[in-house]
Amino acid sequence: MIEEGLRLISEGPADQLSLRELARRVGVSATAVYRHFPDKSALMGALAAEGLARLAAAQHAAFEGAGGGIKGFAATGAAYVRFALANPALFRLIFQHPAPADLMQGAHGSDAAMQFLLANARIYAPAHMDPQVFALQAWSVAHGLAMLMLDGQVPADDAVVDAVIGAHLAQKLG
């Protein structure tokens, strides 16, 4: 059901997804869906959790593909933006159903993407900067750029993604 739910939200706004349509698509009765999800909010939360897991996987792959280190850390920011551009409805859904994480209070993050960001921030934060502030700053840059591109305020261009993410890290680490 999760896979079909993800397909449905890729076809239109997530808030228009219905449990009845999901049931029809997977070939079960409308009441059968309620055995898995008590309501639409539970389904949306499950889809958002799957989205976060996929985002984390994309970031890990980008980190490894760049050879790790600071280049890998930059690649995770670029992967974040590219994930948003490739999966706009899912990306927006993720942040409509956020997992609780309070970077400023020292939380370790409850999802794999947040844990990965915090682990890397502890390694790559400049000596004069709190790693949690560095993590929040890096996340803010990537998220802000993703939203600007999704909303058509900035062209969705790979060169722009790389330049903005790279410039942020160079400014902090240079």
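Aromatic pairs are where I would like to begin: this predicted model holds 7 of them. Take F73 and Y124, whose ring centres lie 5.8 Å apart with the planes at 35°, so this pair is tilted. F73 belongs to helix α5, residues 69-86, and Y124 to helix α7, residues 112-124, so the contact between these rings ties together parts that are 51 residues apart in sequence. F73 counts as buried at 4% relative accessibility, and Y124 is buried as well, with a relative accessible area of 17%.

A tilted pair is also formed by F95 and W139, with 6.3 Å from centre to centre and 40° between the planes. Because F95 sits in helix α6, residues 88-96, and W139 in helix α8, residues 131-150, this pair ties together parts that are 44 residues apart in sequence. F95 is partly exposed, with a relative accessible area of 28%, and W139 also counts as partly exposed, at 25% relative accessibility. These two rings belong to a cluster in which ring pairs link Y80, F91, F95 and W139.

Let me turn now to helix α2, residues 19-26, and ask which of its residues are buried. They are L19, L22 and A23, and they cover an arc of only 100° around the axis, which puts them on the same side of α2. What covers these buried residues includes α1 (2-11), α3 (30-36) and α4 (40-65), whereas the face of α2 turned away from its buried side carries the exposed residues R20 and R24. Just after α2, finally, G27 takes a positive phi of about 80°.

Methods. Residues are numbered from 1 along each chain as its sequence is written. This is a predicted model: local features need pLDDT of at least 70, side-chain atom pairs count only at pLDDT 80 or more; totals for chains, interfaces and linings use all residues. Side-chain values use heavy atoms; hydrogens and water are left out. Buried means under 20% relative accessible area, exposed over 50%, partly exposed in between (1.4 Å probe, protein chains only). Helices (H or I, at least four residues) and strands (E, at least two) are DSSP runs, numbered from the N terminus. The arc is that of the directions from the helix axis to the C-beta atoms. Contact means heavy atoms within 4.5 Å. Rings of Phe, Tyr and Trp (its six-membered ring) pair if their centres lie within 6.5 Å; planes under 30 degrees apart count as stacked, over 60 as edge-to-face and the rest as tilted.
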